[in-house]
Amino acid sequence: MDILTLNYVNLFLGFAASFLLILLYKQNKQLFLLYWFFASSCLWINSTIGIFSRSGFDLPYWLNPAIPNTCYMGIYLFLLAGLYEQTQRKFKVGWLLAIVILTYAINLTELAQASSANRLLLNLPISIVLNVMALQLLIRQKNRELRAVYICFSMAFLFNIIQLCSRYILFSFDLSGIFTQHSSQIMIGLGYFAITAFSLLTFGSCLYLVYRQQHIALQHIADRDALTGVFNRWLLNEKLQTELQRSQRLKQCCSLVMLDIDHFKQVNDLYGHVAGDRVIAHIAYVAQSELRGYDSIFRYGGEEFLICLPNTDSQAALHIAERIRIQVEQSCAIDCPQAKATVSVGVSTYTNGEPDWQHLITQADNALYQAKKQGRNQTQHYQHLVTQDL
């Protein structure tokens, strides 16, 4: 495939990516999509000038190759800026503009105008640094839900770093007169092919990222309670069974905590259902703030919550449950301070045997019933109640 054909391919890739990215930006209003739109625009601008040049048009030096070389740098810069924005890292737009202007100025120097090899040797180190920065940023990401996307991006930048470093070494030899004119043209052609492959990988990853974000958002809506943001009840079966099976396999304890708001009907009657919703949301927030990262909380009923505490024995579960109960008692919803509420709490713990999450829930529910029966605003553990009866 000759260089002119590769320019046409890159032109099509740039236009297609720009069109899709600007549509996605208008729909989602996410700034990183705008940065990636600028990156794809740099690709088609570069390709357009390259097509005119290869078609026999006599273009001034300030237009070609100064602008195409700057556009190459713009692709890396705007991709990097988009990644900084998407990963919520600090990024100064002024630095981006400064590097673009510096790149253009470098390409206007006498050394750059002397030969294409000189221009490559001046531009490639900056390109390599930008690609390394992007790769380091991607490697540091810990978001499991977007791990596959970050791997795709990382592979693209790793490929580009390897080809840029290889070309830099080869052109260093070229300055020594080792390669012929024909071999130099082959290396230039490989550079065009490399940017085509890199563009396919990166802009494909950009679109994959948007798809994954939308999928995660839809999954979050499906899995979460709209009012409180905690898990819906229908996820209980899968998640609790998985946790109990894991506890059995690792020979660990697993505890369930069931919370119920005391006299919730009175809250609705006195302050209205809007206040009642705010109280429910507040208690869910308090409970979540007291839990560990691997704990799970579900909205079990209208004013009931169920909490799964993996690797937690009865004493630790009671401590966590009491901490939540006390925090609820001592706090109130900020936007509805008059509607204070308390909770009754029941706890049950799996220790060994065949895991049965439904039986464990029944035990926590029985302990909750005893907490309400004995005066509310307290915590009871099912196993402790059984021991007392014996």
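This text considers two serine residues and one internal cavity in a predicted model.

The account begins with Ser-255, which belongs to strand β1, spanning residues 254-261. Its relative accessible area is 0%, so Ser-255 counts as buried. The side chain of Ser-255 is joined to that of Thr-349 by a polar contact of 2.8 Å. When residues up to four places away in sequence are set aside, Ser-255 touches Ile-307, Cys-308, Leu-309, Thr-312, Asp-313, Ser-314 and Ala-317, together with Ser-348 and Thr-349. Thr-349 thus appears both in this set of contacts and as the partner in the polar contact.

The second serine, Ser-127, is placed in helix α6, which covers residues 116-139. Ser-127 has a relative accessibility of 5%, and because buried means under 20%, this residue is also classed as buried. Apart from neighbours within four places in sequence, Ser-127 is in contact with Met-73, Tyr-76 and Leu-164. Ile-75 lies 52 residues from Ser-127 along the chain, and the C-alpha atoms of the two are separated by 9.6 Å.

The discussion now turns to enclosed space. Rolling a probe the size of a water molecule over the atoms reveals where empty space remains. The count comes to 1 cavity of 30 Å³ or more, and the largest cavity holds about 50 Å³ of space. Its lining consists of Val-279, His-282, Ile-283, Val-328, Ser-331, Cys-332, Ala-333, Ala-339, Lys-340 and Ala-341. Helix α11, residues 273-289, supplies the largest share of this lining, with 3 residues. By residue class, the lining divides into 7 nonpolar, 2 polar and 1 charged.

Terms used:
Residues numbered from 1 in each chain as written. Predicted model: local features only at pLDDT ≥ 70, side-chain atom pairs only at ≥ 80, totals over all residues. Heavy atoms only, no water. Helix = DSSP H or I, 4+ residues; strand = E, 2+ residues; numbered from the N terminus. Buried < 20%, exposed > 50% of the residue type's maximum accessible area, 1.4 Å probe, protein only. Polar contact = N/O pair within 3.5 Å; in protein donor to acceptor, adjacent residues only side chain to side chain. Contact = heavy atoms within 4.5 Å. 1 Å grid on protein atoms, 1.4 Å probe; cavity = no way out; pocket = protein on both sides within 12 Å on 5 of 7 lines; lining within 4 Å. Points joined across faces, edges and corners; volume = space filled by probe spheres on them. Nonpolar A, V, L, I, M, F, W, Y, C, P; charged D, E, K, R; others polar.
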